[in-house]
Amino acid sequence: MSKKNILIVEDDQFFRELLKKKLTSVGFSIIEASNGEEGVEKVKSKKPDLIILDLLLPNIDGFEVLSKVKTSSDTSSTPVIIVSNLGQQEDIEKGMKLGANDYLIKSQFDIESIVSKINNILK
């Protein structure tokens with residue numbers, strides 16, 4: 001079975017590295033983007049199997065990235081997990097309404113839980 005590609009769209013380098021290290025250790029291949037524009041570009045060019053998306057991003061925010069991913073016929077079925085500091089109910093609802101598969105809040109984040117969420121979504 002080939003490695004699944006996961007795109008991490010996250011401007012916080014420390015957090016991106018933390019995710020990358022964990023996910024590569026369990027067998028995923030990682031693509032990185034540090035802002036929204038780069039994220040949209042990598043979704044189109046690399047066709048990841050799943051996207052981990054921050055919402056507070058430079059250039060274009062995560063909601064706009066999610067909207068572009070879900071409205072493009074090429075990428076509309078690509079699963080997206082939002083991992084953000086935005087924990088307000090309205091932000092969570094907006095993310096889910098735009099098509100996210102899951103929503104994790106960074107302050108309540110557990111690195112093991114994201115691995116199991118990814119495995120469940122990619123089954």
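This passage describes the nonpolar cores, the surroundings of N35 and the contacts of aromatic rings in a predicted model.

The largest nonpolar core comprises 21 residues, and L7, V9, I51, L53 and V65 are those with the most contacts inside it. At least two residues of this core are supplied by each of β1 (5-9), β2, α2, β3 (50-53), α3 (62-71), β4 (80-84) and β5 (102-105), and the greatest contribution, of 4 residues, comes from α3. Apart from this core lies another, made up of 17 residues, including L19, I52, L104 and I118. In soluble globular proteins, nonpolar side chains tend to be buried together.

When residues up to four places away in sequence are not counted, V9 touches A33, N35, G39, I51, I52, L53, D54 and L57. One of these residues, N35, is placed in the loop that runs between β2 (29-33) and α2 (36-46). N35 counts as buried because its relative accessibility is 16%, the cut-off for burial being under 20%. Neighbours within four places in sequence aside, the contacts of N35 are with V9, L57, P58 and N59. In addition, a polar atom of the N35 side chain lies 3.1 Å from the backbone nitrogen of E37.

With regard to aromatic rings, the count of aromatic pairs comes to 0. Charged groups are nevertheless found over rings: the charged end of K94 sits over the ring of F63, at 4.3 Å from its centre, and that of K106 sits over the ring of F15, at 4.9 Å from its centre.

Definitions and conventions. Residues are numbered from 1 along each chain as its sequence is written. This is a predicted model: local features need pLDDT of at least 70, side-chain atom pairs count only at pLDDT 80 or more; totals for chains, interfaces and linings use all residues. Side-chain values use heavy atoms; hydrogens and water are left out. Buried means under 20% relative accessible area, exposed over 50%, partly exposed in between (1.4 Å probe, protein chains only). A polar contact is a pair of N or O atoms within 3.5 Å; within protein, one must be able to donate a hydrogen and the other to accept it, and residues adjacent in sequence count only if both atoms are side-chain atoms. Contact means heavy atoms within 4.5 Å. A nonpolar core is a set of buried Ala, Val, Leu, Ile, Met, Phe, Trp, Tyr and Cys residues joined through side-chain atoms within 4.5 Å. Rings of Phe, Tyr and Trp (its six-membered ring) pair if their centres lie within 6.5 Å; planes under 30 degrees apart count as stacked, over 60 as edge-to-face and the rest as tilted. A charge sits over a ring if NZ of Lys or CZ of Arg is within 6 Å of the ring centre and within 35 degrees of the ring normal.
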